[in-house]
Amino acid sequence: MSYVDDVLAKVIAKNPSEPEFHQAVTEVFDSIRPLIEANEEFYKKEAILERITEPERMIKFRVPWVDDKGQVQVNMGIRVQFNSAIGPYKGGLRFHPSVNQGIIKFLGFEQVFKNSLTGLPIGGGKGGSDFDPKGKSDREVMAFCQSFMTELYKHINADRDVPAGDIGVGGREIGYLFGQYKRITNKYEGVLTGKGLTYGGSLARTEATGYGVIYILEELLKDHGMDMAGKTVCVSGAGNVAIYAIEKAHQLGAKVVTCSDSTGWVYDPEGIDVAALKEIKEVKRARLTEYKKYRPNSEYHEGRGVWQIKCDLACPCATQNEVFTEDAKMLVENGCIALAEGANMPTTLEATKYLQEHGVHFIPGKASNAGGVAVSALEMSQNSERLSWTFEDVDSRLQNIMINIYHNISDAAKRYDKEGDYVAGANLAGFEKVLDAMLAQGIC
C-alpha cells in the first residue's frame with residue numbers, strides 16, 4: 001500500500017462518523033499523490049501527511065446562555081486550529097444546528113489550502129456552534145455570543161487566531177463577539193474580521209466572496225477565449241456569497257436566473273433582481289417565497305431544482321454537498337461550460353468527476369471562494385496599520401488576488417501533467433506552500 005493510501009485509511013479509521021472530513025482529505029490526497037510519490041520515503045519519514053491531517057489544536061467547550069423566557073440553554077462551541085505553518089489561524093465561525101466536529105474539521109482542513117492560495121500569510125482554522133440564530137431575538141443572540149466569546153477569547157488574538165463570520169454569523173454576531181472580547185481583554189485589536197466599518201471593518205468585505213467567485217470565473221473564461229458578457233448563470237443560495245456573485249455577474253454583462261434558500265428556489269428568466277433579493281434576505285430576513293411579490297413573472301419552487309435550468313455557467317453558493325451526480329448530468333446536458341464553487345465543497349466527489357470527464361471547467365471552492373478570506377486578511381493588514389482603504393483599493397486587490405489564484409492553480413496543474421484539472425492544481429499549489437513552510441520549521 002502506498003504512503004498516501006496508508007495515511008488515508010488511517011485518517012478514516014481514526015475519525016469515524018466524519019464523512020465530510022473524509023471527503024475533503026480524499027480529494028486533497030488524490031490530487032497531491034504525484035507530488036508525494038515522487039519522494040515518498042522522505043515524506044513518510046517526516047510524517048507530512050499525518051501532520052497535515054491532524055489539527056494542531058482543537059478546543060471544544062460548553063456555551064450556557066439565558067433565553068428571553070429566563071430558561072438556561074446550553075450549546076456546544078468548537079474551534080479547530082488546524083495549521084499555522086504560514087501564518088496565524090484564519091477561518092470563520094459557523095452558527096448552525098448542523099455544526100459538529102467533523103464538519104468543522106473538514107472546513108478547517110480546506111481552509112489551510114484556501115488560505116495558502118491567496119498568497120497571504122494566514123494559516124487555517126475554523127469554528128462555530130450548533131446554536132441557531134434564526135428566530136432568536138437580538139438579546140438572545142447577544143447573550144449567546146457573549147457566553148461563546150467568554151470561553152473562546154482564551155485561545156485567540158490578533159497574532160494567534162483571527163476568526164471571521166460564516167453561515168449564521170453576520171455583522172450582528174461579529175459585533176457582539178468583538179464587544180465581549182474587548183470587554184474581557186481590555187484590548188482593541190484586529191482579533192475578528194468582518195467587523196462593522198465604524199470599528200475596524202474593511203470596505204468590500206461583505207461583497208468579497210461573491211465578487212471573488214465571479215472574478216476567477218471571468219479569468220478562466222478569458223484564458224479559454226471566452227467572455228462573461230451574454231452568459232446565462234445559475235446560482236444557488238441567497239446569502240452574502242450568492243447575492244454578491246449575482247451582483248458582480250450582472251455588472252459584467254451576464255444574466256443570473258436562479259437563486260435558492262433552505263426551503264425552495266427561484267427561477268427568474270429576466271434575471272434575478274438583486275435589490276429585491278437584498279430586501280428579502282438582508283432587511284426582512286424572510287424566505288424566497290416573498291420574491292414573486294417583487295417579480296410576478298418569476299417562478300418559485302419548493303425543495304431543490306436549481307441545476308435543471310439551462311445555463312452556461314454554474315455557481316453553487318449555498319452549502320456543502322448540494323450538487324449531486326444527477327445535478328451534474330443535467331448541467332452537462334444543458335450545455336454548462338464552467339462551474340465555480342462559491343460555497344465550501346458544494347459538489348460531491350462523484351459529481352465533480354462527472355463534470356470534469358464531460359469537459360466542464362471546474363474550479364473548486366478552495367480557489368474560487370477564497371475572496372472572502374483574502375479580504376479578511378486585508379482587513380487584518382488595515383487593522384495592524386491603523387488605516388482604512390477605499391472600496392476601490394480593496395476591490396482592486398481582491399481582483400488581482402483572484403486572477404493570481406487562477407493562474408497559480410492552472411500552472412500547477414500543467415507542471416504535474418494535469419492541464420485543465422483545476423481541482424488538482426488548487427490542491428497542489430496550496431499544498432506546496434504549506435509543505436515548504438512545515439519542512440523549514442522542523443518537527444512542530
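The exercises below, each with a worked solution, concern helix packing, two sheets and a pocket in a predicted model.

**Exercise 1. Determine how helices H1 and H2 are oriented towards each other, and which residues make their contact.**

Solution. Begin with the geometry: helix H1 covers residues 3-14 and helix H2 covers residues 19-37, and the two pack at an angle of about 170 degrees with their axes 10 Å apart. Next, apply the cut-off, by which angles over 145 degrees count as roughly antiparallel; H1 and H2 are therefore roughly antiparallel to each other. Then list the residues that touch: H1 contributes Tyr 3, Val 4, Asp 5, Val 7, Leu 8, Val 11 and Ile 12, while H2 contributes Phe 21, His 22, Val 25, Thr 26, Phe 29, Arg 33 and Ile 36. Finally, sort the residues of this contact between H1 and H2 by class, which gives 10 nonpolar, two polar and two charged.

**Exercise 2. Work out the strand order of the five-stranded sheet, and explain why E1 and E5 each have one side without a neighbour in it.**

Solution. The first step is the order, which reads E1-E2-E4-E3-E5 in an open sheet with mixed pairing. The second step is to look at the edges: strand E1 (57-66) and strand E5 (161-165) stand there, each with a single partner strand, so one side of each lacks a neighbour in the sheet. From one strand to the next, the twist averages 20 degrees. The third step takes up one pair in detail, since strand E3 (residues 89-95) and E5 run parallel and are joined by five bridges, and Lys 90 stands opposite Val 162 in E5. As a last step, add the helix that lies across E1, E2 (72-83), E3, E4 (123-129) and E5, namely H6 (residues 138-152), which runs at about 145 degrees to E1.

**Exercise 3. Describe the three-stranded sheet, naming its edge strands and the pairing of E9 with E10.**

Solution. Start from the order E8-E9-E10, an open sheet in which the pairing is antiparallel. Its edge strands are E8 (258-260) and E10 (299-302), each of which pairs on one side only, and the twist averages 20 degrees from one strand to the next. Turning to the pairing, strand E9 (residues 264-267) runs antiparallel to E10 and is joined to it by four bridges, with Gly 264 standing opposite Glu 302 in E10.

**Exercise 4. Characterise the second largest pocket by its volume, its lining and the elements that supply the lining.**

Solution. The volume of the second largest pocket is about 230 Å³. Its lining comprises 14 residues, and those nearest the centre are Glu 27, Ser 31, Lys 353, Gln 356 and Val 423. Tracing the lining back to its elements, two or more residues come from each of H2, helix H13 (349-357) and helix H17 (422-440), and H13 gives the largest share, four residues. Sorted by class, the lining has four nonpolar, four polar and six charged residues.

Definitions and conventions:
Residues numbered from 1 in each chain as written. Predicted model: local features only at pLDDT ≥ 70, side-chain atom pairs only at ≥ 80, totals over all residues. Heavy atoms only, no water. Axes fitted to C-alpha atoms, helices over the stretch in contact; angles between N-to-C directions. Parallel < 35°, antiparallel > 145°, perpendicular 65-115°, else oblique. Contact = heavy atoms within 4.5 Å. Nonpolar A, V, L, I, M, F, W, Y, C, P; charged D, E, K, R; others polar. Pairing = 2+ DSSP bridges. 1 Å grid on protein atoms, 1.4 Å probe; cavity = no way out; pocket = protein on both sides within 12 Å on 5 of 7 lines; lining within 4 Å. Points joined across faces, edges and corners; volume = space filled by probe spheres on them.
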